[in-house]
Amino acid sequence: MKNPHFNPAKKHHRPDGFQNNYQSFRGKRWHELLRWRWEAWRAGHPKPLQQPIPVIKADLTFIHANAKAGLAMQPAATWIGHITVLLQVGGLNILTDPVFSERCFPVQWAGPKRHTPPGLQLGELPHIDVVLLSHNHYDHLDEGSMLALKQQAGGAPLVICPLGHKHWFARRGMHRVVELDWWDTHVLESTERNARIPVTLVPAQHWSARTATDALRSLWGGFVVRSPDCHVYFAGDTGYSKDFVDIRQHFARDHTPENGGGFDLALLPIGAYEPRWFMKDQHVNPDESVQIFHDIGCKRAMAVHWGTFQLTDEALDEPLRALARALHAHALPSERFKAAAIGETWRIPQRPGAQTPA
(Lines give C-alpha, C1' and ligand atoms only; values in the text may rest on other atoms or scores of the structure.)
Protein backbone atom coordinates (compact mmCIF):
# COMPACT_ATOMS: atom_id res chain seq x y z
CA MET A 1 0.00 0.00 0.00
CA LYS A 2 1.47 3.35 -1.06
CA ASN A 3 2.14 5.98 1.59
CA PRO A 4 0.07 9.04 0.55
CA HIS A 5 2.35 11.27 2.66
CA PHE A 6 5.61 9.96 1.18
CA ASN A 7 8.27 12.65 0.78
CA PRO A 8 11.60 11.27 -0.49
CA ALA A 9 13.42 14.27 1.03
CA LYS A 10 12.53 13.06 4.55
CA LYS A 11 14.62 10.18 5.84
CA HIS A 12 11.89 8.76 8.08
CA HIS A 13 9.47 8.45 5.13
CA ARG A 14 9.17 5.25 3.11
CA PRO A 15 7.06 4.62 -0.01
CA ASP A 16 4.87 2.26 2.03
CA GLY A 17 5.03 3.93 5.47
CA PHE A 18 7.46 5.38 8.00
CA GLN A 19 10.64 4.53 9.92
CA ASN A 20 12.72 5.75 12.86
CA ASN A 21 15.55 8.23 12.49
CA TYR A 22 18.41 6.29 14.03
CA GLN A 23 17.40 2.63 14.19
CA SER A 24 15.02 1.01 11.76
CA PHE A 25 12.23 -0.91 13.40
CA ARG A 26 12.11 -4.62 12.65
CA GLY A 27 9.06 -6.57 13.74
CA LYS A 28 9.83 -9.52 15.97
CA ARG A 29 9.71 -12.99 14.41
CA TRP A 30 7.40 -15.72 15.69
CA HIS A 31 10.29 -17.61 17.27
CA GLU A 32 11.32 -14.47 19.18
CA LEU A 33 7.79 -14.09 20.54
CA LEU A 34 7.85 -17.74 21.60
CA ARG A 35 11.25 -17.26 23.25
CA TRP A 36 9.96 -14.28 25.21
CA ARG A 37 6.89 -16.08 26.50
CA TRP A 38 8.83 -19.30 27.26
CA GLU A 39 11.53 -17.47 29.22
CA ALA A 40 8.92 -15.46 31.14
CA TRP A 41 7.02 -18.62 32.04
CA ARG A 42 10.17 -20.41 33.22
CA ALA A 43 11.24 -17.44 35.37
CA GLY A 44 7.76 -16.85 36.79
CA HIS A 45 7.44 -13.35 35.31
CA PRO A 46 5.85 -11.03 35.99
CA LYS A 47 6.38 -11.18 39.75
CA PRO A 48 3.57 -10.04 42.06
CA LEU A 49 3.41 -6.55 43.49
CA GLN A 50 5.56 -5.81 46.53
CA GLN A 51 3.57 -2.69 47.34
CA PRO A 52 0.28 -1.24 46.08
CA ILE A 53 0.34 1.25 43.22
CA PRO A 54 -0.40 4.63 44.86
CA VAL A 55 -3.89 5.91 44.05
CA ILE A 56 -5.46 9.01 45.60
CA LYS A 57 -8.78 10.78 45.21
CA ALA A 58 -8.50 13.46 42.55
CA ASP A 59 -8.89 17.08 43.63
CA LEU A 60 -11.94 17.68 41.47
CA THR A 61 -12.65 21.02 43.10
CA PHE A 62 -9.27 22.39 42.01
CA ILE A 63 -9.35 20.73 38.58
CA HIS A 64 -12.77 22.11 37.63
CA ALA A 65 -12.13 25.55 39.09
CA ASN A 66 -8.81 25.67 37.25
CA ALA A 67 -10.49 24.58 34.01
CA LYS A 68 -12.71 27.66 34.18
CA ALA A 69 -10.12 30.07 35.60
CA GLY A 70 -9.25 31.75 32.30
CA LEU A 71 -6.39 34.19 32.88
CA ALA A 72 -5.87 32.82 36.38
CA MET A 73 -5.36 29.19 35.30
CA GLN A 74 -2.55 27.52 37.25
CA PRO A 75 -0.35 25.28 35.06
CA ALA A 76 -1.11 21.77 36.31
CA ALA A 77 -0.81 18.10 35.40
CA THR A 78 -3.00 15.29 36.74
CA TRP A 79 -1.95 11.68 36.22
CA ILE A 80 -5.04 9.69 35.26
CA GLY A 81 -3.09 6.47 34.78
CA HIS A 82 -0.84 4.67 32.28
CA ILE A 83 -0.01 7.28 29.60
CA THR A 84 -3.03 9.54 30.20
CA VAL A 85 -2.39 12.97 31.75
CA LEU A 86 -4.70 15.97 32.03
CA LEU A 87 -2.65 19.07 31.26
CA GLN A 88 -4.09 22.44 32.20
CA VAL A 89 -1.98 25.12 30.54
CA GLY A 90 -2.62 28.39 28.75
CA GLY A 91 -6.33 28.33 29.55
CA LEU A 92 -6.77 24.94 27.81
CA ASN A 93 -7.54 21.42 29.04
CA ILE A 94 -5.41 18.90 27.14
CA LEU A 95 -5.43 15.09 27.39
CA THR A 96 -2.53 12.88 26.36
CA ASP A 97 -3.40 9.46 24.83
CA PRO A 98 -6.79 9.03 26.59
CA VAL A 99 -7.18 5.45 27.88
CA PHE A 100 -10.10 4.94 30.27
CA SER A 101 -11.22 1.46 29.20
CA GLU A 102 -10.92 -1.65 31.34
CA ARG A 103 -8.67 -3.35 28.78
CA CYS A 104 -6.25 -2.12 26.11
CA PHE A 105 -7.17 -4.57 23.36
CA PRO A 106 -9.38 -4.74 20.24
CA VAL A 107 -12.14 -6.29 22.40
CA GLN A 108 -13.05 -5.69 26.03
CA TRP A 109 -13.35 -9.37 27.02
CA ALA A 110 -9.66 -10.18 26.45
CA GLY A 111 -6.22 -8.63 26.60
CA PRO A 112 -4.34 -6.70 29.32
CA LYS A 113 -6.71 -5.67 32.10
CA ARG A 114 -6.49 -2.46 34.07
CA HIS A 115 -4.98 -3.07 37.55
CA THR A 116 -5.62 0.44 38.85
CA PRO A 117 -8.69 2.62 38.20
CA PRO A 118 -8.44 5.88 36.25
CA GLY A 119 -7.61 8.83 38.48
CA LEU A 120 -10.63 10.58 36.98
CA GLN A 121 -13.56 8.87 35.31
CA LEU A 122 -14.63 10.17 31.91
CA GLY A 123 -17.65 11.85 33.48
CA GLU A 124 -15.43 13.70 35.96
CA LEU A 125 -13.28 15.40 33.33
CA PRO A 126 -13.60 19.09 32.59
CA HIS A 127 -14.40 19.92 28.97
CA ILE A 128 -11.39 18.67 26.99
CA ASP A 129 -10.20 21.14 24.37
CA VAL A 130 -7.38 19.12 22.82
CA VAL A 131 -6.23 15.48 22.65
CA LEU A 132 -2.60 14.73 21.88
CA LEU A 133 -2.36 11.26 20.32
CA SER A 134 1.15 9.80 20.06
CA HIS A 135 0.39 6.67 17.97
CA ASN A 136 -2.17 3.96 17.28
CA HIS A 137 -1.27 1.09 19.64
CA TYR A 138 -4.25 -0.08 21.69
CA ASP A 139 -2.84 1.17 25.01
CA HIS A 140 -2.65 4.68 23.50
CA LEU A 141 -5.45 4.97 20.94
CA ASP A 142 -8.50 3.66 22.82
CA GLU A 143 -11.68 3.64 20.75
CA GLY A 144 -14.11 3.67 23.68
CA SER A 145 -12.41 6.68 25.26
CA MET A 146 -12.30 8.60 21.97
CA LEU A 147 -15.98 7.95 21.27
CA ALA A 148 -16.87 9.14 24.78
CA LEU A 149 -14.90 12.36 24.27
CA LYS A 150 -16.65 12.84 20.95
CA GLN A 151 -19.94 12.99 22.90
CA GLN A 152 -18.76 15.38 25.63
CA ALA A 153 -20.89 18.43 26.33
CA GLY A 154 -19.71 21.35 24.27
CA GLY A 155 -18.49 19.26 21.34
CA ALA A 156 -15.64 16.93 20.49
CA PRO A 157 -12.06 17.97 21.26
CA LEU A 158 -9.52 18.82 18.61
CA VAL A 159 -7.26 15.80 18.05
CA ILE A 160 -3.63 16.43 17.12
CA CYS A 161 -1.88 13.31 15.88
CA PRO A 162 0.91 12.04 13.63
CA LEU A 163 0.38 11.43 9.91
CA GLY A 164 -1.87 8.58 8.88
CA HIS A 165 -4.60 8.68 11.54
CA LYS A 166 -7.31 10.90 10.03
CA HIS A 167 -9.09 8.04 8.28
CA TRP A 168 -9.49 6.16 11.60
CA PHE A 169 -11.21 9.15 13.18
CA ALA A 170 -13.26 9.98 10.07
CA ARG A 171 -14.78 6.47 10.09
CA ARG A 172 -16.01 7.21 13.61
CA GLY A 173 -17.45 10.62 12.78
CA MET A 174 -14.61 12.66 14.28
CA HIS A 175 -13.41 15.34 11.88
CA ARG A 176 -11.68 17.90 14.11
CA VAL A 177 -8.32 16.24 13.49
CA VAL A 178 -4.94 17.77 12.64
CA GLU A 179 -2.19 15.47 11.36
CA LEU A 180 1.45 16.49 11.76
CA ASP A 181 4.78 15.20 10.50
CA TRP A 182 7.85 15.32 12.72
CA TRP A 183 8.80 18.95 13.45
CA ASP A 184 5.48 20.28 12.09
CA THR A 185 3.66 22.73 14.35
CA HIS A 186 -0.02 23.51 14.84
CA VAL A 187 -0.83 26.71 16.72
CA LEU A 188 -3.68 26.59 19.24
CA GLU A 189 -5.54 29.80 19.96
CA SER A 190 -6.42 30.17 23.63
CA THR A 191 -9.24 32.70 23.75
CA GLU A 192 -9.14 32.71 27.56
CA ARG A 193 -5.61 34.07 27.61
CA ASN A 194 -5.56 35.54 24.10
CA ALA A 195 -2.46 33.40 23.62
CA ARG A 196 -1.01 31.41 20.75
CA ILE A 197 0.21 27.98 21.86
CA PRO A 198 2.40 26.10 19.36
CA VAL A 199 2.14 22.29 19.49
CA THR A 200 4.95 20.47 17.69
CA LEU A 201 5.16 16.77 16.84
CA VAL A 202 8.68 15.54 17.59
CA PRO A 203 10.42 12.25 16.75
CA ALA A 204 10.35 9.13 18.92
CA GLN A 205 11.89 5.71 18.36
CA HIS A 206 8.92 3.41 18.16
CA TRP A 207 6.52 1.93 15.59
CA SER A 208 2.83 1.66 14.76
CA ALA A 209 0.28 -1.06 14.02
CA ARG A 210 -3.44 -1.41 14.58
CA THR A 211 -3.91 -4.69 12.72
CA ALA A 212 -1.76 -7.52 11.43
CA THR A 213 -1.34 -5.79 8.07
CA ASP A 214 -0.78 -2.08 8.77
CA ALA A 215 2.58 -1.97 10.60
CA LEU A 216 4.43 1.35 10.09
CA ARG A 217 1.65 2.76 7.87
CA SER A 218 0.95 5.60 10.32
CA LEU A 219 3.53 7.78 12.05
CA TRP A 220 4.30 7.98 15.79
CA GLY A 221 5.96 10.63 17.95
CA GLY A 222 5.96 12.86 20.99
CA PHE A 223 4.74 16.41 21.48
CA VAL A 224 6.12 19.74 22.63
CA VAL A 225 3.54 22.25 23.90
CA ARG A 226 4.85 25.79 24.30
CA SER A 227 2.23 27.67 26.26
CA PRO A 228 3.43 31.07 27.54
CA ASP A 229 2.95 29.83 31.12
CA CYS A 230 4.39 26.30 30.75
CA HIS A 231 6.49 24.39 28.22
CA VAL A 232 5.64 20.66 28.25
CA TYR A 233 7.31 17.69 26.57
CA PHE A 234 5.25 14.50 26.18
CA ALA A 235 7.44 11.62 25.01
CA GLY A 236 4.73 9.10 24.10
CA ASP A 237 6.22 5.62 23.64
CA THR A 238 9.89 5.42 22.72
CA GLY A 239 13.15 3.57 22.85
CA TYR A 240 16.34 5.50 23.56
CA SER A 241 18.00 7.32 20.64
CA LYS A 242 19.74 10.54 19.64
CA ASP A 243 16.31 12.02 18.92
CA PHE A 244 16.24 13.57 22.39
CA VAL A 245 19.44 15.53 21.84
CA ASP A 246 17.91 16.69 18.55
CA ILE A 247 14.78 17.86 20.38
CA ARG A 248 16.80 19.90 22.84
CA GLN A 249 18.77 21.50 20.02
CA HIS A 250 15.62 22.24 18.02
CA PHE A 251 14.07 24.24 20.88
CA ALA A 252 17.30 25.70 22.26
CA ARG A 253 16.41 29.23 21.23
CA ASP A 254 13.16 29.06 23.24
CA HIS A 255 14.93 27.64 26.29
CA THR A 256 17.73 30.08 26.93
CA PRO A 257 17.91 31.41 30.52
CA GLU A 258 16.51 34.77 29.43
CA ASN A 259 13.52 32.98 27.85
CA GLY A 260 12.70 31.02 30.99
CA GLY A 261 14.99 27.99 30.68
CA GLY A 262 14.16 24.45 29.55
CA PHE A 263 10.95 22.43 29.60
CA ASP A 264 8.92 23.16 32.72
CA LEU A 265 7.52 19.61 32.70
CA ALA A 266 8.33 16.39 30.87
CA LEU A 267 6.03 13.35 30.80
CA LEU A 268 8.49 10.45 30.49
CA PRO A 269 7.70 6.72 30.27
CA ILE A 270 9.37 4.37 32.76
CA GLY A 271 7.49 1.08 32.30
CA ALA A 272 6.98 -1.88 29.91
CA TYR A 273 10.68 -2.54 29.33
CA GLU A 274 11.50 -6.19 30.15
CA PRO A 275 13.04 -8.32 28.75
CA ARG A 276 15.53 -5.83 27.37
CA TRP A 277 16.54 -7.96 24.36
CA PHE A 278 12.92 -7.77 23.21
CA MET A 279 11.81 -4.29 24.37
CA LYS A 280 14.92 -2.12 24.16
CA ASP A 281 14.28 -0.87 20.62
CA GLN A 282 10.81 0.41 21.45
CA HIS A 283 10.53 1.13 25.22
CA VAL A 284 13.03 2.87 27.49
CA ASN A 285 13.76 1.55 30.95
CA PRO A 286 13.97 3.97 33.92
CA ASP A 287 17.72 4.47 33.53
CA GLU A 288 17.27 5.49 29.89
CA SER A 289 14.36 7.69 30.85
CA VAL A 290 16.60 9.56 33.28
CA GLN A 291 19.07 9.97 30.42
CA ILE A 292 16.26 11.49 28.33
CA PHE A 293 15.64 13.91 31.21
CA HIS A 294 19.23 15.10 30.87
CA ASP A 295 19.20 15.06 27.05
CA ILE A 296 16.17 17.31 26.64
CA GLY A 297 17.10 19.68 29.46
CA CYS A 298 13.96 19.86 31.61
CA LYS A 299 13.25 21.20 35.08
CA ARG A 300 11.01 18.39 36.34
CA ALA A 301 9.50 15.17 35.05
CA MET A 302 6.44 13.05 35.81
CA ALA A 303 6.86 9.29 35.34
CA VAL A 304 4.15 7.75 33.14
CA HIS A 305 3.47 4.47 31.29
CA TRP A 306 3.63 2.27 34.36
CA GLY A 307 1.42 0.95 37.17
CA THR A 308 -1.77 0.38 35.17
CA PHE A 309 -1.51 -2.43 32.61
CA GLN A 310 0.74 -5.49 32.89
CA LEU A 311 2.25 -5.36 29.41
CA THR A 312 5.72 -6.87 29.90
CA ASP A 313 7.81 -8.99 32.28
CA GLU A 314 8.74 -6.58 35.07
CA ALA A 315 6.43 -6.40 38.06
CA LEU A 316 3.90 -3.58 37.88
CA ASP A 317 5.63 -1.71 40.71
CA GLU A 318 9.24 -2.48 39.69
CA PRO A 319 9.64 0.68 37.54
CA LEU A 320 9.31 2.76 40.72
CA ARG A 321 12.24 0.96 42.38
CA ALA A 322 14.27 1.03 39.16
CA LEU A 323 13.66 4.78 38.84
CA ALA A 324 15.01 5.36 42.37
CA ARG A 325 18.17 3.41 41.47
CA ALA A 326 18.58 5.33 38.22
CA LEU A 327 18.19 8.72 39.91
CA HIS A 328 20.86 7.75 42.43
CA ALA A 329 23.21 6.54 39.68
CA HIS A 330 22.77 9.76 37.70
CA ALA A 331 23.01 11.96 40.82
CA LEU A 332 19.65 13.51 39.99
CA PRO A 333 17.59 14.71 42.98
CA SER A 334 14.45 12.63 43.33
CA GLU A 335 12.22 15.69 43.60
CA ARG A 336 13.05 16.56 39.96
CA PHE A 337 11.83 13.27 38.46
CA LYS A 338 8.98 11.70 40.40
CA ALA A 339 6.12 9.30 40.03
CA ALA A 340 2.77 10.81 40.95
CA ALA A 341 -0.01 8.82 42.54
CA ILE A 342 -2.82 8.01 40.14
CA GLY A 343 -5.27 10.88 40.57
CA GLU A 344 -2.60 13.27 41.87
CA THR A 345 -2.36 16.81 40.53
CA TRP A 346 0.93 18.66 40.29
CA ARG A 347 0.76 22.44 40.25
CA ILE A 348 3.60 23.60 38.02
CA PRO A 349 5.35 26.93 38.74
CA GLN A 350 4.47 29.42 36.05
CA ARG A 351 7.19 29.87 33.47
CA PRO A 352 9.44 32.86 34.14
CA GLY A 353 8.46 35.78 31.97
CA ALA A 354 4.89 34.57 31.45
CA GLN A 355 2.25 37.24 31.77
CA THR A 356 0.25 37.06 34.98
CA PRO A 357 -3.21 38.53 35.47
CA ALA A 358 -3.32 42.01 36.95
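Visitor: One open sheet has seven strands with mixed pairing; what is their order?
Guide: In this predicted model, strands (E, at least two residues) and helices (H or I, at least four) are DSSP runs numbered from the N terminus. Two strands count as paired if DSSP finds at least two bridges between them. On that basis, the pairing in this open sheet is mixed and the order is S8-S7-S6-S5-S4-S3-S16.

Visitor: What pLDDT do local features need here?
Guide: Residues are numbered from 1 along each chain as its sequence is written, and side-chain values use heavy atoms, leaving out hydrogens and water. In this predicted model, totals for chains, interfaces and linings use all residues, side-chain atom pairs count only at pLDDT 80 or more, and local features need pLDDT of at least 70.

Visitor: Back to that sheet: which strands stand at its edges?
Guide: Strands pair through backbone hydrogen bonds, either parallel or antiparallel. Here, two strands have a single partner strand each, so one side of each is left without a neighbour in the sheet. They are S8 (177–180) and S16 (345–347).

Visitor: S4 and S5 pair in that sheet, so to speak, in which sense: parallel or antiparallel?
Guide: S4 covers residues 84–89 and S5 covers residues 92–96, with four bridges between them. Leu-86 of S4 stands opposite Leu-95 in S5. The sense of the pairing is antiparallel.

Visitor: At about what angle does helix H2 run to S4?
Guide: Axes are lines fitted to C-alpha atoms, for helices over the stretch in contact (heavy atoms within 4.5 Å), and angles run from 0 to 180 degrees between N-to-C directions. H2 (residues 60–67) lies across S3 (76–81), S4, S5 and S16. Its angle to S4 is about 50°.

Visitor: There is another open sheet, holding S9 to S15; which strands stand at its edges?
Guide: This sheet also has seven strands, ordered S9-S10-S11-S12-S13-S14-S15, with mixed pairing. Two of them have a single partner strand each, so one side of each lacks a neighbour in the sheet. These are S9 (185–190) and S15 (337–338).

Visitor: Which residue in S12 does Arg-226 stand opposite?
Guide: S11 (residues 222–227) and S12 run antiparallel and are joined by five bridges. A hairpin links the two strands through two residues. Opposite Arg-226 in S12 stands His-231.

Visitor: And in S13, what is the bridge partner of Phe-234?
Guide: S12 and S13 (residues 265–269) pair in the parallel sense over three bridges. Val-232 has Leu-265 as its bridge partner in S13. For Phe-234, the partner is Leu-267.

Visitor: How many residues of S12 are buried?
Guide: Buried means under 20% relative accessible area, exposed means over 50%, and partly exposed lies in between (1.4 Å probe, protein chains only). Cys-230, Val-232 and Phe-234 point one way from S12, while His-231 and Tyr-233 point the other way, and all are buried. The strand is mostly covered, with a buried count of five of five.

Visitor: How many residues are in the largest nonpolar core?
Guide: A nonpolar core is a set of buried Ala, Val, Leu, Ile, Met, Phe, Trp, Tyr and Cys residues joined through side-chain atoms within 4.5 Å. In the largest one, Ile-160, Tyr-233, Leu-265, Leu-268, Met-302 and Phe-337 touch the most other members. A second, separate core of 22 residues includes Phe-62, Phe-100, Leu-125 and Cys-161. The count for the largest core is 66.

Visitor: Within what arc do the buried residues of helix H5 fall?
Guide: The buried residues of H5 (residues 243–250) are Asp-243, Phe-244, Asp-246 and Ile-247. They pack against S10 (195–202), S12 (230–234) and H7 (286–296). Taking the directions from the helix axis to the C-beta atoms, these residues line one face of the helix because they fall within an arc of 155°.

Visitor: How many disulfides does a search of the whole structure find?
Guide: A disulfide is a pair of cysteine sulfur atoms within 2.5 Å. The sulfur of Cys-161 is 20 Å from the closest cysteine sulfur, in Cys-104, which is too far for a bond. For Cys-230, the nearest cysteine sulfur is that of Cys-298, 11 Å away. The number found is zero.
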